[in-house]
Protein chains: 2
Amino acid sequence: MQVLSYTEENYIKGLFQLTIEAGDKTEAGTNEIASHLGIKPASVNDMLKKLKDKKLIQYEKYGKSSLTKEGKKLAVDIVRKHRLWETFLFEKLAFSWDEVHEVAEQLEHIQSKKLIDKLDQFLNYPSADPHGDPIPNAKGELVIEARKSLVTEEVGHTCKMVGVKDNSAAFLQYADSLGLAINQRIKIKSRQAYDDLMEIEVKGVRNRISPKFAEHIIVVCNDCNKQH
Amino acid sequence: MQVLSYTEENYIKGLFQLTIEAGDKTEAGTNEIASHLGIKPASVNDMLKKLKDKKLIQYEKYGKSSLTKEGKKLAVDIVRKHRLWETFLFEKLAFSWDEVHEVAEQLEHIQSKKLIDKLDQFLNYPSADPHGDPIPNAKGELVIEARKSLVTEEVGHTCKMVGVKDNSAAFLQYADSLGLAINQRIKIKSRQAYDDLMEIEVKGVRNRISPKFAEHIIVVCNDCNKQH
DNA sequence: TATAAATGTTAGACTAACCTAACAAATTTT
DNA sequence: AAAATTTGTTAGGTTAGTCTAACATTTATA
């Protein structure tokens with residue numbers, strides 16, 4: 001498995017986020033990648049050619065890009081490192097939920113297989129990071145549970161929060177203020193037909209939230225799986 | 001306090017090692033820095049000018065270089081990070097003594113004051129890394145105990161190993177095979193006048209070691225401080 | 001002290017990763 | 001389907017950090 005530069009790693013990871021992780025599509029355009037990474041399309045274009053030469057992505061002139069098997073393997077490895085470090089920061093160093101991402105962005109580039117496997121062991125092989133995102137195992141396998149957005153949840157159901165789609169500090173702090181955290185149970189009390197505001201109950205406290213906000217809360221729901 | 005590039009940090013750290021830490025001199029030449037960092041003198045020359053402009057080093061054409069107060073502060077900070085990470089790897093992740101350095105070389109460049117202060121706390125504010133080298137505190141203060149090389153120790157004295165001067169795997173593994181470790185007591189049994197080989201006793205086991213080897217073992221000795 | 005050796009500097013070139021400006025292709029809108 | 005817009009590419013330039021080769025200065029040695 002080839003070793004990538006810091007920059008190459010960021011491109012591969014970005015492409016992973018835009019394709020495999022986003023769910024709704026399997027390839028990404030040059031401009032899209034550019035705005036995701038905060039780099040100009042012209043620069044991205046250069047890198048796409050380079051990554052194609054290295055057989056890490058599929059790319060044709062004027063076409064969209066996607067990861068090859070090899071590229072995906074490398075990307076999953078970076079994601080694994082990122083999420084293990086986030087878990088470490090949150091659980092062992094008492095970082096708050098909204099602080100872990102920025103530091104993990106740096107730590108994910110440390111090259112040492114032994115380090116990351118030992119870290120995994122030290123953290124007792126966690127299956128999800130503080131945001132609820134799944135952590136790939138050492139073999140690169142990523143177990144994705146059946147998850148949905150809170151906004152699609154039915155009234156009367158109780159679900160469990162497992163993640164978020166928005167990592168901005170503003171969003172995370174807002175969530176925090178509502179008592180929302182990973183593994184927190186949420187009961188849907190009602191939904192207002194006029195403006196779609198949802199009323200939820202968290203730790204006995206009721207709050208009304210916008211669909212825009214609910215959209216970015218990821219949950220799993222046993223009630224939804226029940227046959228009745 | 002300015003933020004340095006990865007490369008600039010390595011130069012500042014290298015200069016710190018060659019001057020402040022080496023003990024026997026306070027400035028270093030261009031070729032010396034070059035061979036220490038594994039970079040050609042011509043490249044070092046460029047960087048010295050750059051670091052001088054940033055007021056991190058004192059340097060005049062054809063002269064030797066040394067750190068300014070500002071440069072030293074930054075260097076101590078890097079050393080602090082390096083040694084805290086080594087301690088983490090050794091104590092929490094069960095890395096062996098001779099494996100920690102390489103990974104810490106990468107980790108020392110992570111930029112996050114909060115991270116390093118939390119790590120310090122997590123490790124319970126250690127005063128020395130697995131090699132016995134002192135860890136500067138958060139204020140950048142570095143407490144250096146009275147230490148000497150094992151090669152200068154007197155026959156009959158018992159001393160305590162606190163560090164090494166050679167971080168090569170070969171050296172560290174050799175030390176390990178003799179039972180030598182941080183905080184290990186060492187008794188000097190004899191010294192052969194003909195070839196200067198020292199006979200030492202470690203955990204009841206006697207071995208003869210070369211002055212070349214003993215030179216790189218750092219000890220503290222109470223016997224030496226006694227008046228008699 | 002004159003010369004040789006070691007040390008340090010300069011000039012010019014290269015690579016990775018970025019940029020801007022201009023152009024080309026594809027897609028969407030009218 | 002022609003025009004307008006969006007998207008993608010190319011050419012040429014910049015910066016950081018490296019290199020080699022040639023040159024300059026300082027230090028050591030005969």
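Q: Why is A:Arg206 called partly exposed?
A: In this predicted model, A:Arg206 has a relative accessibility of 45%, and because buried requires under 20% and exposed requires over 50%, A:Arg206 counts as partly exposed.

Q: What makes the pair A:Glu199 and A:Arg206 a salt bridge?
A: The closest N and O atoms of A:Glu199 and A:Arg206 are 3.6 Å apart, and because the cut-off between an Arg side-chain nitrogen and a Glu carboxyl oxygen is within 4 Å, the pair is a salt bridge.

Q: How do you know whether A:Glu199 is buried or exposed?
A: The relative accessible area of A:Glu199 is 19%, and since the limit for buried is under 20%, A:Glu199 is buried.

Q: What are the corresponding values for B:Arg206 and B:Glu199 in chain B?
A: B:Arg206 forms a salt bridge with B:Glu199, with the closest N and O atoms 3.6 Å apart; B:Arg206 counts as partly exposed at 46% relative accessibility, whereas B:Glu199 counts as buried at 18%.

Q: Why is the contact of B:Glu32 and B:Lys25 called a salt bridge, and how is each residue classed by accessibility?
A: The N to O distance between the two side chains is 3.0 Å, and because the cut-off is within 4 Å, B:Glu32 and B:Lys25 meet in a salt bridge. B:Glu32 has 27% relative accessibility and B:Lys25 has 30%, and since partly exposed lies between the limits of 20% and 50%, B:Glu32 is partly exposed, as is B:Lys25.

Q: What makes B:His82 a buried residue, and where is it found?
A: B:His82 is found in helix H4 of chain B, residues 69-91, and its relative accessibility is 7%; because buried means under 20%, B:His82 counts as buried.

Q: Why do the side-chain pairs of B:His82 with B:Glu86 and with B:His101 count as polar contacts?
A: The contact of B:His82 with B:Glu86 is 2.9 Å and the one with B:His101 is 3.2 Å; because the distance cut-off for such N or O pairs is within 3.5 Å, both distances meet this part of the criterion.

Q: Why are strands E3 and E7 of chain B said to stand at the edges of the sheet?
A: The open sheet of six strands has the order E3-E8-E4-E5-E6-E7, with antiparallel pairing. E3 (148-149) and E7 (205-209) each have a single partner strand, so one side of each is left without a neighbour in the sheet.

Q: How do you know that E3 and E8 of chain B pair?
A: E3 and E8 (residues 217-220) are joined antiparallel over two bridges, and because pairing needs at least two, E3 and E8 pair.

How values were computed
Residues numbered from 1 in each chain as written. Chains lettered and ligands numbered in written order. Predicted model: local features only at pLDDT ≥ 70, side-chain atom pairs only at ≥ 80, totals over all residues. Heavy atoms only, no water. Helix = DSSP H or I, 4+ residues; strand = E, 2+ residues; numbered from the N terminus. Buried < 20%, exposed > 50% of the residue type's maximum accessible area, 1.4 Å probe, protein only. Polar contact = N/O pair within 3.5 Å; in protein donor to acceptor, adjacent residues only side chain to side chain.
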